[in-house]
Amino acid sequence: MLFRSMLATLTAALPDRVPVAQRGALGGLIGISQMLGTVIGAALVTVLVTGLASGYLARGVLVVLGALVFALFTPDDVLPPGLVPRQPVGVTLRRLWVSPRRYPDFGWAWTMHFLINLGNGLGTLYLLYFLSDAAHYHDPQTGLLILMAIYGGALIVAGVVCGTASDRSGNRRRYAVGAAAIMAVAALLLVISPTWTAALAAAPLLGLGFGTYWAAAPAVLTQVLPAASDRAKDLGVINVANALPLVVAPMIAGVVLYALHSYPALFALSAVATVGGGLAVLRIRSVA
């Protein structure tokens, strides 16, 4: 919960400090940073720091250092007097609620973010067990590292290239829809052929798709916010769509695998969620 609170604060700085025309490039870097953070963190606690207590201590030190760098070198922007909220400051369910009927683009953007992250989670969380139980790869852990390296490399390329291209074109929805289509194709490859060879083909596609998505997502999400005075609060609501799939995806995957004993069914569900996210993008009207 604390990490998600920190993420909400960091995300709120995006519309305050980054022009709309540069948010695609920054979004690509955000996607890259999330992937590199996972890889570097895993390397830290498995290679450099092997103890459980020392691993958590190292993690805590890095988080505090990163927060200090941001707090000390990134001053807050002060809202103009006309944008300062008049209502009492406080957290209530009524204040947190953003009506999708009143702000439909916000609702569709939230749905897009949730479904894309859900599809990505369903497609990646159980890869180790897929390699062991379905693909019958001789060394599942090494195989997972290979796939994640391919996925990460493709994500970096897509984040850099598509982030810049998204800024130049100004058409964010096109990139988000394309990303959803690429990710769905990656999942469908494993539906058709749940093998190691298909996984090698799907990994770069999934990386390209997710990297492309992050090249468009921050621009889309920050352009549908209802009011400048509530940016931090509304982006906190958006961050629920980023965090909730991490909780929901393992539950859904567990039910599917227990009931159907089928990894193709799991990947098919990943494709459906991703396509749903792409369709939600098309309902957003206020963003090009």
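This report walks through the fold, the nonpolar core, the cavity and one buried threonine of a predicted model.

## Overall fold

Let's start with the chain as a whole. Its secondary structure amounts to eleven helices and zero strands, so the pattern along the sequence is simply α-α-α-α-α-α-α-α-α-α-α. The chain has 288 residues, and 40% of them count as buried.

Contacts across the sequence are well represented here: among those between residues at least 6 apart, 82% join residues at least 24 apart. On the outside, the chain exposes about 15,300 Å², with carbon and sulfur atoms supplying 71% of that area.

## The nonpolar core

Moving inward, the largest nonpolar core contains 60 residues. Within this core, Met-112, Phe-130, Phe-210 and Tyr-213 have the most contacts. At least two core residues come from each of α2 (23–48), α5, α6 (127–133), α7, α8, α9, α10 (231–260) and α11. The top contributor is α9, which gives 14 residues.

Met-112 is a handy place to look at the packing. Leaving aside residues up to four places away in sequence, Met-112 touches Tyr-213, Val-220, Leu-221, Gly-277, Ala-280 and Val-281. One of these partners, Tyr-213, is itself among the core residues with the most contacts.

## The cavity

How many cavities of 30 Å³ or more does the structure hold? There is one, and the space in this largest cavity is about 160 Å³. Its lining is made up of 19 residues, and those closest to the centre are Gly-123, Thr-124, Leu-127, Leu-190 and Leu-206.

Several helices share in this lining: α5 (104–124), α7 (140–169), α8 (172–192), α9 (196–223) and α11 (263–282) each give two or more residues. As for chemistry, the lining residues divide into 13 nonpolar and six polar, with no charged residue present.

## A closer look at Thr-274

Finally, a residue worth finding in the viewer is Thr-274, which sits in helix α11. Is Thr-274 buried or exposed? Its relative accessible area is 1%, and because a residue under 20% counts as buried, Thr-274 is buried.

The neighbours of Thr-274 help to place it. Not counting residues up to four places away in sequence, Thr-274 touches Leu-115, Ile-116, Gly-119, Ala-180, Met-183 and Ala-184. Helix α11, where Thr-274 lies, also gives residues to the lining of the largest cavity and to the largest nonpolar core.

Methods: Residues numbered from 1 in each chain as written. Predicted model: local features only at pLDDT ≥ 70, side-chain atom pairs only at ≥ 80, totals over all residues. Heavy atoms only, no water. 1 Å grid on protein atoms, 1.4 Å probe; cavity = no way out; pocket = protein on both sides within 12 Å on 5 of 7 lines; lining within 4 Å. Points joined across faces, edges and corners; volume = space filled by probe spheres on them. Helix = DSSP H or I, 4+ residues; strand = E, 2+ residues; numbered from the N terminus. Nonpolar A, V, L, I, M, F, W, Y, C, P; charged D, E, K, R; others polar. Core = buried A, V, L, I, M, F, W, Y, C linked by side-chain atoms within 4.5 Å. Buried < 20%, exposed > 50% of the residue type's maximum accessible area, 1.4 Å probe, protein only. Contact = heavy atoms within 4.5 Å. Areas by Shrake-Rupley, 256 points an atom, 1.4 Å probe, with all protein chains shown as cover.
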